[in-house]
Amino acid sequence: MNVIIEQKRITSQQISKLESLLSAELFEYRRLRRIAIKQNSYLRKRDVQRIEHNATEWAKYLPMAEKAKNARESMLVNEIGCSEKQLNSLNIQDLEKLAGSLPDSFCETWDKWKLSISDLERQNNLNGILARFCLELVSDELGAIKEDCSDKQDCYDTQGGIPGGKINSVITRRA
């Protein structure tokens with residue numbers, strides 16, 4: 001067994017309660033993943049207003065996900081006897097050994113819960129990469145504008161174009 005737990009047996013009521021807590025946490029992670037997918041779309045479109053609204057959504061729902069996670073971890077520590085160090089290494093086989101057998105519904109919930117964690121992490125990593133790319137573009141563009149404007153000529157004409165018809169935009173060159 002990967003995890004040594006003080007309690008020798010897990011009751012069916014504890015398994016049922018843990019399944020309920022996993023389901024609640026799964027619901028919150030799926031909601032966060034939907035928000036993360038929207039964020040990716042807004043970053044690609046450079047839709048600042050929607051990105052700001054999305055940040056508000058994160059601020060609203062992230063505490064709910066944390067609360068659900070804390071409830072599950074608290075139950076594992078206080079009722080089942082896991083140490084706080086063991087929470088991240090606990091697996092379904094450990095629970096199955098302690099319970100004797102687990103209902104199929106619990107196993108399905110556990111698998112969906114594990115998958116939702118990895119999906120959310122993957123989406124957030126992609127968003128981080130995209131956000132860094134966007135910031136690099138902005139930084140490069142500001143550097144190009146600074147270089148073009150350093151000789152005290154007008155950087156843009158009245159229509160927002162570069163005088164003389166040159167295209168010096170970093171964004172245009174990279175695209």
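Q: Is Arg72 buried or exposed in this predicted model?
A: The model is predicted, so local features are read only where pLDDT is at least 70. Arg72 has a relative accessible area of 6%. Buried means under 20%. Arg72 is therefore buried.

Q: Which residue meets Arg72 in a salt bridge at 2.4 Å, N to O?
A: Side chains of opposite charge can pair when their charged atoms come close. Arg72 sits in helix 2, and its partner sits in helix 1, 47 residues apart. The partner counts as buried, at 0% relative accessibility. The residue is Glu25.

Q: Which residues are linked with Glu25 and Arg72 in a network of salt bridges?
A: Arg72 and Glu25 form a salt bridge. The network holds these two and a further Lys and Glu. The residues asked for are Lys69 and Glu73.

Q: How many salt bridges does a search of the whole structure find?
A: The pair Arg72 and Glu25 is a salt bridge. Glu79 with Lys17 is a salt bridge, and so is Arg50 with Asp47. The search of the whole structure finds seven.

Q: What is the distance between the closest N and O atoms of Glu79 and Lys17?
A: Glu79 lies in helix 2 and Lys17 in helix 1, so the pair ties together parts 62 residues apart in sequence. Glu79 is partly exposed, with a relative accessible area of 31%. Lys17 is also partly exposed, with 37%. Their closest N and O atoms are 2.4 Å apart.

Q: How far apart are the closest N and O atoms of Arg50 and Asp47?
A: Arg50 counts as partly exposed, at 44% relative accessibility. Asp47 is partly exposed too, with a relative accessible area of 21%. The two form a salt bridge, and a salt bridge needs the atoms within 4 Å. The separation is 3.7 Å.

Q: How far apart are the end C-alpha atoms of helix 2?
A: Helix 2 has 33 residues. At 1.5 Å a residue, it should span 48 Å. The value in the model agrees with that: the end C-alpha atoms are 46 Å apart.

Q: Where in helix 2 does a kink of about 30° lie?
A: Helix 2 runs over 48-80. The kink comes shortly before the proline Pro63. The residue at the kink is among those buried in helix 2. The kink lies at Tyr61.

Q: Which residue just after helix 2 takes a positive phi?
A: Ile80, in helix 2, is buried. Just after helix 2, the chain takes a phi of about 100°. The residue is Gly81.

Q: Which helix gives the most to the lining of the largest pocket?
A: The largest pocket has a volume of about 360 Å³. Its lining draws at least two residues each from helix 1 (12-45), helix 2 (48-80) and helix 4 (104-149). The top contributor supplies seven residues. It is helix 2.

Q: How many charged residues are in the lining of the largest pocket?
A: The lining has 20 residues. Glu25, Tyr29, Lys69, Arg72 and Ile117 lie nearest the centre. By class, 12 are nonpolar and one is polar. The charged residues number seven.

Q: Which helix gives the most to the lining of the second largest pocket?
A: About 180 Å³ of space lies in this pocket. Helix 2 and helix 4 each supply at least two of its lining residues. The top contributor gives five residues. It is helix 4.

Q: How many charged residues are in the lining of the second largest pocket?
A: The lining has 11 residues. Leu43, Arg46, Cys134, Leu135 and Val138 lie nearest the centre. Nine of the lining residues are nonpolar, and no polar residue is present. The charged residues number two.

Q: What separates the C-alpha atoms of Ser41 and Ile51?
A: Ser41 lies in helix 1. Ser41 is partly exposed, with a relative accessible area of 23%. Ile51 is 10 residues away along the chain. The C-alpha separation is 9.2 Å.

Q: What pattern does the protein chain follow, read along the sequence?
A: The chain has 175 residues, and 36% of them count as buried. Its secondary structure comes to five helices and zero strands. The pattern is α-α-α-α-α.

Note on methods: Residues are numbered from 1 along each chain as its sequence is written. This is a predicted model: local features need pLDDT of at least 70, side-chain atom pairs count only at pLDDT 80 or more; totals for chains, interfaces and linings use all residues. Side-chain values use heavy atoms; hydrogens and water are left out. On a 1 Å grid over the protein atoms alone, a cavity is a set of points where a 1.4 Å probe fits but cannot get out, and a pocket is an open set with protein on both sides within 12 Å along at least five of seven lines; lining residues have an atom within 4 Å of a point. Grid points are joined across faces, edges and corners, and a volume is the space filled by probe spheres set on the points. Helices (H or I, at least four residues) and strands (E, at least two) are DSSP runs, numbered from the N terminus. Ala, Val, Leu, Ile, Met, Phe, Trp, Tyr, Cys and Pro count as nonpolar, Asp, Glu, Lys and Arg as charged, and the others, Gly among them, as polar. The expected span of a helix is 1.5 Å times one less than its number of residues. The bend at a residue is the angle between axes fitted to the seven residues ending there and the seven starting there. Buried means under 20% relative accessible area, exposed over 50%, partly exposed in between (1.4 Å probe, protein chains only). A salt bridge is a side-chain nitrogen of Lys or Arg within 4 Å of a carboxyl oxygen of Asp or Glu.
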